[in-house]
Amino acid sequence: MATKKAPHLDGGMDTQQVLHMNDGIGDNSYANNSLLQKKVMMKAKPILEENMMRLYSIIHPQCFVVADLGCSSGPNTLYLLSNVINIIDTVTCKLNLKLPVFQFFLNDLFGNDFNSIIKSLPQFLESLEENKGHNFGPCFINATPGSFYKRLFPDNSIHLVHSSYSLHWLSKAPKELVNKENAHLTSTSPPGMHKAYLEQFQKDFKLFLKLRSQEVVAGGGMVLTLFGRDKTCDIRTAWTIIGTTLNDMVLENLIEEIKLESFNLPLYDPTIEEAKEVIEDEGSFTLQRLESVVLGWDANINEDVDDEKNKLDLNKRAQFITKYTRAATEPLLKTQFGEQVMDEFFLRFKNKIFQLMMDVEILEFPNLIISLIKNA
């Protein structure tokens, strides 16, 4: 009789098929649990503006072409479009130029909830026309499914590439890892495991830059944000909490041990030095900015609260962190461990976050914001 093997989510097409945010507009959807990601976009906006103003001072395209890679779905997708249009509107007014036609390509993997984006476009475009008036030209918006670790666009066709909170997702997790009790890197992971994850990041990021160099026009720009890591600190991330939660459930026979042994999250949070080294080694882009912005794990939780003194309790903060983590990782976890354990898993995850916030006064993580210019 053949031995039953656990499914492996260590890369390749299997990962790409299930790697997407929770779709729809439900309680656990990415659309309703992406305030942290919006905060990062807000932090990156001045750098996006700087890159675009430099670009537009050199190139005055009749059609300004933007690609948003890893666009996901929900309000953040349209927030990026609004930012780009408003920045170009300001620049053209200063230069006494006419607003260009806009072409946006919204890219993500095939499982992304493009339907929700498409359904929200009529209201978005109507609002644009009302706000910008009769001088506002056509705005074309297209969905472009596919992996950004492959070619997506024709040569020299894109003026600006934007990617927010996507490039820490690897094309696949490193294979043959001895990582039985964890799903990701921890402070106690062996050096070989750190090396394997770093090498996969270097390979993927270098490929990403090479592919985009073929698609971006000379002098075009890229603004990228991703989770980072401070090399001087212990590794304490939501990814490590996922691993410890899964391990607890294995010990209680709620999850099969073989499923945890064969599972590694396809994620890597690089340091500034690691990201810079790949950019300089690949050589297609000039590094304009590379900054690390530190945010709390519950950053932007009070976005809709007018009174800043209205401090949310630890339970609500832990719930906030849990819900955005669930929105981003549940499809992967559900494929490996089954839908029936997801509620229990994220309840335990929340309890661990709550305890961690009790024990540690501040939970923060660095975010890398990278601004690049395509070499001539």
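Begin by selecting strand β1 (residues 63–69) together with β4 (158–164): the two pair in the parallel sense over 3 bridges. Strands here are DSSP runs labelled E of at least two residues, helices are runs labelled H or I of at least four, and both are numbered from the N terminus. Two strands pair if DSSP finds at least two bridges between them. The model on display is predicted, so local features need pLDDT of at least 70 and side-chain atom pairs count only at pLDDT 80 or more, while totals for chains, interfaces and linings use all residues. Residues are numbered from 1 along each chain as its sequence is written, and side-chain values use heavy atoms, with hydrogens and water left out.

**The strands around β4**

Within this pairing, select Ala-67, which stands opposite Val-161 in β4. Next add strand β5 (residues 216–227), which pairs with β4 in the parallel sense over 6 bridges. Here Ser-163 of β4 is found opposite Leu-224 in β5. Is β4 mostly covered or open? Of its 7 residues, 7 are buried, where buried means under 20% relative accessible area, exposed means over 50%, and partly exposed lies in between (1.4 Å probe, protein chains only).

Remain in β5 and select Gly-221. Gly-221 is buried, with a relative accessible area of 0%. Gly-221 and Val-161 are 60 residues apart in sequence, yet their C-alpha atoms are 6.4 Å apart in space. Leaving aside residues up to four places away in sequence, Gly-221 touches several residues, including Asn-51, Arg-54, His-159, Val-161 and Leu-372; contact means heavy atoms within 4.5 Å.

**Two residues with positive phi**

Most residues other than glycine have a negative phi, and most peptide bonds are trans. Move to the loop between β4 and α5 and select Tyr-165. Although Tyr-165 is not a glycine, its phi is positive, at about 60 degrees. Tyr-165 counts as buried because its relative accessibility is 9%.

Then select Asn-253, in the loop between α6 and α7 (257–261). Asn-253 also is not a glycine and has a positive phi of about 60 degrees. Asn-253 counts as exposed, because its relative accessibility is 71%.

**The aromatic rings**

Now display the side chains of Phe, Tyr and Trp. A pair of aromatic rings is described by the distance of the centres and the angle of the planes. The structure holds 17 aromatic pairs; rings of Phe, Tyr and Trp (its six-membered ring) pair if their centres lie within 6.5 Å, and planes under 30 degrees apart count as stacked, over 60 as edge-to-face and the rest as tilted. Phe-102 and Phe-104 form a stacked pair, 6.0 Å centre to centre with 10 degrees between the planes. Both Phe-102 and Phe-104 are buried.

Select Phe-148 and Phe-208 next. Their ring centres are 5.3 Å apart and their planes stand at 85 degrees, so the pair is edge-to-face. This pair links distant parts of the chain, 60 residues apart: Phe-148 lies in the loop between β3 (139–145) and β4, and Phe-208 lies in helix α5 (residues 191–215). Both Phe-148 and Phe-208 are buried.

Which residues do ring pairs link into a cluster? They are Phe-148, Tyr-149, Phe-201, Phe-205, Phe-208 and Tyr-268. Add Arg-212, whose charged end sits over the ring of Phe-208, 5.0 Å from its centre. A charge sits over a ring if NZ of Lys or CZ of Arg is within 6 Å of the ring centre and within 35 degrees of the ring normal.

**Helix α10**

Select residues 342–359, which form helix α10. At 1.5 Å a residue its 18 residues should span 26 Å, and its end C-alpha atoms are 26 Å apart, which agrees; the expected span is 1.5 Å times one less than the number of residues. Among the buried residues of α10 are Met-342, Phe-345, Arg-348, Ile-353 and Met-357. The buried residues of this helix pack against α6 (238–251) and α9 (314–337).

**The cysteines**

A disulfide is a pair of cysteine sulfur atoms within 2.5 Å, and by this rule the count comes to 0. Select Cys-139: its sulfur is 9.4 Å from the closest cysteine sulfur, in Cys-63, too far for a bond. Cys-139 counts as buried at 12% relative accessibility, whereas Cys-93 counts as exposed at 59%.

**The whole protein**

Finally, show the entire chain. The protein has 10 helices and 7 strands. Buried residues make up 57% of its 376 residues.
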